[in-house]
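Me: Hey, I've just opened this one and I'm new to it. Can you walk me through it?

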Amino acid sequence: MKPADKQRRLTLSVDNLTSEGEGVARLGRDVYFVPGALPGEEAEVVLDGRRRKVWQTRLLNLIKTSPERVTPDCPHYQRCGGCDLQHLAYDAQVAFKQERVARELSRQGVEVPEWSAPIVAEPWHYRRKARLGVRYSKDSRENFVGFREASSAHISNVDRCLVLPEHPALDWAAWREQINCLDARAVITQIEAIAADNALALVLRILKPLSPGDEKKLCSFAAGLNMDGLLPLQLWLKSERDAPAQLLWPEQAEPLHHQVDDLALRLELSDFVQVNGAVNRAMVQQALDWLQPGADEVIWDLFAGHGNFSMPLAKRSQQVLAVEVEQSMVDSLAAQASNLALPLQAIQADLSGAGGLADLPEPQAVLLDPPRAGAAGVMNELIARRVPRILYVSCDAATLARDLNVLAAAGYQVRQAGIMDMFPQTHHVETMVLLERKAKRHG
């Protein structure tokens, strides 16, 4: 990029949004991405480099604004790299996500005959798991506690996060002050918050053990944050090594759990859990309604996690096979099923390529809930098995569309699909799709 271009200002008309929620504008044959701008807006921008034949810009001023623009509620918006759609009215956020998923599927030639209504819940104070960075500055002799800034490794101070639950223990300004009072102010690197249904756990990640004096200060601080009528607080310490977290306060604490389908699912500190409890419960119920598991059917739950779908399925079917890659997760699934007295078989298998599922019995239905990279490694196995029904839950529309294209080419049809707004105020979206094998025509 030439130095002159760095100072070049343009006035652009925004006509679309990228999958990441950035404004898209066109001028002549050039395409410009404008973070923070909305369709229908006229924006004054400065160029910020060119990548992959697209100009990146920085928004300077809005000449014309969209009727769907709202004033962000969070004082840390734009500086914090977390929420990126707070400037868009919530109903419009949901519509954007619906359009985004439909566009991705259409690009892959995937037809959806029926879209279900989006699953939504409270758009604020929904996030039950988050990790904040902690950094000590020797120059200013102060701690920073917050999230990383957008496109940066720098930690920006956050006082309160409006997508986290309302609780006095999540006052990060108070935590900054407390950490600055510790001798070990430079050895705390992160604070992770896990808001289960029965307790709020805070895990402090430390580079080396704390002194008894510092531990006493933290226990006293935690006791002051533990108030009647709110989720009871747990304070844990976790070293950077693989050692398990140690409970610091109180002396004893109940195991964490969250409710799904009237089941109390045990939640370990390191477990992945869908961050939006209300949307997750509705999502699981929709999965059960769509899949209609039969009592005698063999059902695979691939990428089963800690049993978010497996355990409710096992209430309805006697032959649920919950499959995970890591043996530790398989052991956790087995313990979860045993605690809940559910007939579930936990299995360790390679889900990245051919052969990992070869020894499993023929399934009548398969539920997929893979990570962002998708489920390409198991597509051939599902196709070869001619699985009658597949329910695919995805957190990435692009890899979902890719995998659905493979299934469609092999004779599967989408019966219905729908989005779940698991992450309000952000561009991220969860999608559920039900597929069935096409019936062969005779004659």
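Reply: Sure, one term up front: buried means under 20% relative accessible area, exposed means over 50%, and partly exposed is in between, using a 1.4 Å probe and protein chains only. Also, this is a predicted model, where local features need pLDDT of at least 70 and side-chain atom pairs count only at pLDDT 80 or more, while totals for chains, interfaces and linings use all residues. Residues are numbered from 1 along each chain as its sequence is written, and side-chain values use heavy atoms, with hydrogens and water left out.

Me: Good. Which residues does UniProt list under "binding site"?
Reply: The unreviewed UniProt entry puts that annotation on Gln 274, Phe 303, Glu 324 and Asp 369. UniProt positions are in the numbering used here, feature names are shortened, and annotations may be inferred rather than shown by experiment.

Me: Is Gln 274 buried or exposed?
Reply: Gln 274 counts as buried, because its relative accessibility is 6%. Gln 274 is in the loop between β14 (263–266) and α5 (277–291). Those labels are DSSP runs numbered from the N terminus: helices are H or I with at least four residues, strands are E with at least two.

Me: What is Gln 274 in contact with?
Reply: Leaving aside neighbours within four places in sequence, Gln 274 is in contact with Arg 128, Asn 280, Met 283, Asn 308, Asp 369, Met 422 and Glu 430. Contact means heavy atoms within 4.5 Å.

Me: And where does Asp 369 lie?
Reply: Asp 369 is in the loop between β18 (365–368) and α8 (376–385). Asp 369 counts as buried because its relative accessibility is 15%. Its contacts beyond four places in sequence are Gln 274, Leu 302, Phe 303, Phe 309, Val 393 and Glu 430.

Me: Where does UniProt place "active site"?
Reply: At Cys 395, again from an unreviewed entry. Cys 395 lies in the loop between β19 (389–394) and α9 (397–409). Not counting residues up to four places away in sequence, Cys 395 touches Pro 370, Pro 371, Arg 372, Val 429 and Glu 430.

Me: Speaking of cysteines, how many disulfides are there?
Reply: The count is zero, with a disulfide taken as a pair of cysteine sulfur atoms within 2.5 Å. Cys 74 is in no disulfide, and the nearest cysteine sulfur, in Cys 161, is 6.5 Å away.

Me: Why is there no bond for Cys 161?
Reply: Because the closest cysteine sulfur to that of Cys 161, in Cys 83, is 5.9 Å away, too far for a bond. Cys 161 is buried, with a relative accessible area of 15%, and Cys 74 is buried too, at 13% relative accessibility.

Me: Switching topic: what about the sheets, any barrel?
Reply: There's a closed barrel of five strands, in the order β1-β2-β3-β5-β4, with mixed pairing. Strand β4 (residues 42–51) and strand β5 (residues 54–64) run antiparallel and are joined by eight bridges. Two strands pair if DSSP finds at least two bridges between them. Val 45, for example, has Leu 59 in β5 as its bridge partner.

Me: How is β15 covered?
Reply: On both faces: Val 298, Trp 300 and Leu 302 on one side and Ile 299 and Asp 301 on the other are all buried. β15 runs parallel to strand β16 (residues 319–324), with five bridges joining them, and Leu 302 stands opposite Val 323 in β16. β15 also pairs with β18 in the parallel sense, over four bridges.

Me: And β13, which side chains point where?
Reply: They alternate: His 258 and Val 260 point to one face and are buried, while His 257 and Gln 259 point to the other and are not. β13 and β14 form a hairpin with two residues between them, and Asp 261 in the turn has a positive phi of about 55°.

Me: Last thing: which residues touch the most other members in the largest nonpolar core?
Reply: Trp 172, Trp 175, Ile 191, Leu 202 and Leu 235, out of 73 residues in that core. The largest share of this core, seven residues, comes from α5. A second, separate core has 37 residues, including Leu 351 and Val 378. A nonpolar core here is a set of buried Ala, Val, Leu, Ile, Met, Phe, Trp, Tyr and Cys residues joined through side-chain atoms within 4.5 Å.
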